Amino acid sequence: MKKWMMGFILLALITLSACASPTPTAAPQPAPAAAGATSTSSQVVADARVVPAQWVMLSFQAGGLVTAVNVQEGNEVKLGAVLAQVDDTDARLAVAQAEAALALAQAQ
């Protein structure tokens, strides 16, 4: 009974430690300006990185050669817009073969 209880307590502690939120980190503080340094410029110079608000990973349901890309990076697109096309020659041939097999089966 004691081994079972110790195992349960150990499992509970591991679970709680995994669920604990990480400790917050302090925001970096700017370095103080050198003593005696003055600036008469009204410009502010800072390093920055622009990142998109959303990322989207796109993929095709079937593999193949991409025959057309209808948008460029940075373009705004609307819902339902065709962004790219894949060569569908193999799919069209498969449909034609299936239709021919169906017609043959119906004729027999």
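This passage describes the fold, surface, pockets and ionic contact of a predicted model.

The protein chain contains two helices and two strands. From the N terminus on, these elements follow the order α-β-β-α. Strand β1 spans residues 66-69, and β2 covers 84-86. The chain comprises 108 residues, of which 0% are buried. Its accessible surface amounts to about 11100 Å². Carbon and sulfur atoms account for 61% of that surface.

A nonpolar patch was identified on the surface. F60, V66 and V69 form this patch, which covers about 280 Å². V66 belongs to strand β1. The relative accessible area of V66 is 41%, so the residue is classed as partly exposed. This value also satisfies the requirement for patch membership, because patch residues need over 30% relative accessible area.

Two pockets were examined. The largest pocket encloses about 590 Å³ of space. Its lining consists of 17 residues, and V56, L58, N75, V77 and L83 are the closest to the pocket centre. By class, 10 of the lining residues are nonpolar, five are polar and two are charged.

The second largest pocket has a volume of about 220 Å³. Its lining is made up of L58, S59, F60, V69, V71, Q72, E73, L83 and A84. Six of these residues are nonpolar, two are polar and one is charged. L58 and L83 link the two pockets in the description: both are among the residues closest to the centre of the largest pocket, and both also line the second largest pocket. F60 and V69 likewise appear twice. They contribute to the nonpolar surface patch and to the lining of the second largest pocket.

The loop between β1 and β2 includes A81. A81 has a relative accessible area of 41% and is therefore partly exposed. Along the chain, A81 and N70 are 11 residues apart. Their C-alpha atoms are separated by 9.1 Å.

The structure holds one salt bridge. It joins the side chains of R92 and D88, with an N to O distance of 3.0 Å. This distance meets the criterion, because a salt bridge requires the nitrogen to lie within 4 Å of a carboxyl oxygen. The accessibility of each partner was also assessed. R92 has a relative accessibility of 58% and so counts as exposed, since the exposed class begins over 50%. D88 has a relative accessible area of 36%, and is therefore partly exposed.

Definitions and conventions
Residues numbered from 1 in each chain as written. Predicted model: local features only at pLDDT ≥ 70, side-chain atom pairs only at ≥ 80, totals over all residues. Heavy atoms only, no water. Patch = residues over 30% accessible without salt bridge, like charges linked within 9 Å, V, L, I, M, F, W, Y side chains within 5 Å. Areas by Shrake-Rupley, 256 points an atom, 1.4 Å probe, with all protein chains shown as cover. Helix = DSSP H or I, 4+ residues; strand = E, 2+ residues; numbered from the N terminus. Buried < 20%, exposed > 50% of the residue type's maximum accessible area, 1.4 Å probe, protein only. 1 Å grid on protein atoms, 1.4 Å probe; cavity = no way out; pocket = protein on both sides within 12 Å on 5 of 7 lines; lining within 4 Å. Points joined across faces, edges and corners; volume = space filled by probe spheres on them. Nonpolar A, V, L, I, M, F, W, Y, C, P; charged D, E, K, R; others polar.
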